[in-house]
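Okay, thanks for coming, everyone. Let me put the structure up, and then I'll walk you through a few spots.

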Amino acid sequence: MSYVIMLQRKKLLYCITAMLLSLPQALHAQTVRIILNDWASQHVISHIYSQLLSKVNIDSKFVPLPTDGQWYYLKYNYVDVQVEVWQGTMEDKLAQLIASNDLQEAGSYPIETREDWWYPSYVELLCPKLPDWQALNDCAHLFSKGDDPRGVYYTGPWEKNDHARVRALGLNYRIESLPDDAALVTILKQAYKLNQPVLLFNWTPNWVDVQYQGQFVDFPAYAPECETKPEWGMNKQFLHDCGNPATGWIKKVAAKEFPKALPCAFSILENMTFNSSDLAQFALQVNQQSQSSEQVSIDWLQHNPTRWQHWLTSPSCDNRR
Ligand code: TMO
């Protein structure tokens with residue numbers, strides 16, 4: 001008998017300890033932690049979301065994280081939201097966390113994306129068989145630098161499979177990884193000014209759509225098996241003998257607990273939507289016109305009340321405005 005009582009006491013003690021331990025967590029949960037990655041439109045939308053939250057009296061803060069590192073933080077609830085998850089660069093990890101029920105999707109934007117190797121149109125005068133990827137090796141010298149005869153492909157911190165693709169497709173290229181979109185912008189602008197061949201990671205929608213003419217390289221068409229079954233595709237030994245999806249999605253995601261913890265904030269995330277020209281315009285203002293992403297977000301909210309006002313009107317936000 002006394003043994004049972006002791007057990008129950010112990011249980012109670014555990015309960016109280018657990019409650020005390022989770023208290024800071026619960027208080028903390030009121031501030032929405034928004035992930036900032038490393039390209040312009042993602043920054044602008046993060047700022048817009050933060051300001052929408054402030055209109056319903058919800059605090060938020062930004063947590064800078066690389067795309068690769070963000071999944072751990074989302075899974076363990078150290079951050080709440082990522083507003084721009086692109087298929088071409090982030091599908092693998094996203095799919096894993098959805099499959100293990102560790103992440104909450106919050107809808108897609110009505111946007112068709114592409115993220116892949118890209119060159120300005122004037123390069124085709126020197127390498128007319130482009131955009132076919134099989135032209136790349138014959139034209140490697142156009143993109144080489146210094147004594148190394150291999151072509152150079154510039155990319156950012158996002159794309160994970162380039163080395164594997166270079167190997168699987170036998171490309172005579174080396175990869176230079178740059179820290180963020182601004183570094184890629186510098187390379188592209190410089191080459192464009194001098195009409196020099198350049199091969200770099202680009203995506204659409206982006207400011208480049210509005211300012212420059214260019215093409216994505218056509219690699220063998222993407223299929224999910226290309227990344228999971230070595231025997232798929234032209235190289236029977238290696239994965240990644242294909243391009244990125246030619247029409248990819250962009251999704252919004254949240255930590256698993258977020259919808260329950262802050263239903264109003266989650267409903268705003270779900271309602272918030274942007275189209276291709278919005279994203280291209282955001283990138284243009286930041287990457288080309290040197291405006292801060294915060295300023296771009298303030299301007300957008302000022303000029304587009306009819307777009308966002310109804311994003312704040314879900315019943316879960318009723319007592320907040
Ligand atoms: C994820 N990104 C837009 C940089 O390709």
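**The ligand and the loops**

So, let's start with the ligand: the space it takes up is the second largest cavity. Keep in mind that what you're looking at is a predicted model. Which elements give two or more residues to the shell around the ligand? Those are helix H4, running 87–99, and strand S9, which covers 200–204.

Let me read out the residues around the ligand: Trp39, Trp86, Thr89, Met90, Glu115, Trp158, Phe201 and Trp203. How much of the ligand does the protein bury? On its own the ligand would expose 210 Å², and the protein buries 100% of that. If you sort the shell by character, you get six nonpolar residues, one polar and one charged. Now zoom in on Glu115, please. An N or O atom in the Glu115 side chain sits 2.7 Å from an oxygen atom of the ligand.

Okay, on to the disulfides. The structure has three of them, and I'll talk about the one that joins Cys127 to Cys139, with an S to S distance of 2.0 Å. What's the handedness of the link between Cys127 and Cys139? Right-handed, with 90 degrees about the S-S bond. And where does that disulfide sit? Cys127 is in the loop between helix H5 (123–126) and strand S6 (144–145), and Cys139 is in the loop between H5 and S6 too, so the pair ties together parts that are 12 residues apart in sequence.

Stay in that region for a second, since Pro131 is also found in the loop between H5 and S6. The peptide bond leading from Leu130 into Pro131 is cis, with omega near 10 degrees.

There's another cis bond to show you, and this one joins Thr204 and Pro205, with omega about 5 degrees. Pro205 has its place in the loop between S9 and helix H8, which is 207–211. Remember that S9 came up earlier, as one of the elements giving two or more residues to the ligand shell.

Last stop, His240. You'll find His240 in the loop between strand S10 (214–216) and strand S11 (250–255). What's phi there? For His240 phi is near 70 degrees, a positive value in a residue other than glycine.

That's my tour, so over to you for comments.

Key
Residues are numbered from 1 along each chain as its sequence is written. This is a predicted model: local features need pLDDT of at least 70, side-chain atom pairs count only at pLDDT 80 or more; totals for chains, interfaces and linings use all residues. Side-chain values use heavy atoms; hydrogens and water are left out. A residue is near a molecule or strand if one of its heavy atoms lies within 4 Å of it. A polar contact is a pair of N or O atoms within 3.5 Å; within protein, one must be able to donate a hydrogen and the other to accept it, and residues adjacent in sequence count only if both atoms are side-chain atoms. Accessible areas come from the Shrake-Rupley method with a 1.4 Å probe; for residues, only the protein chains shown count as cover. On a 1 Å grid over the protein atoms alone, a cavity is a set of points where a 1.4 Å probe fits but cannot get out, and a pocket is an open set with protein on both sides within 12 Å along at least five of seven lines; lining residues have an atom within 4 Å of a point. A molecule sits in a cavity or pocket if more than half of its atoms lie within 2 Å of its grid points. Helices (H or I, at least four residues) and strands (E, at least two) are DSSP runs, numbered from the N terminus. Ala, Val, Leu, Ile, Met, Phe, Trp, Tyr, Cys and Pro count as nonpolar, Asp, Glu, Lys and Arg as charged, and the others, Gly among them, as polar. A disulfide is a pair of cysteine sulfur atoms within 2.5 Å.
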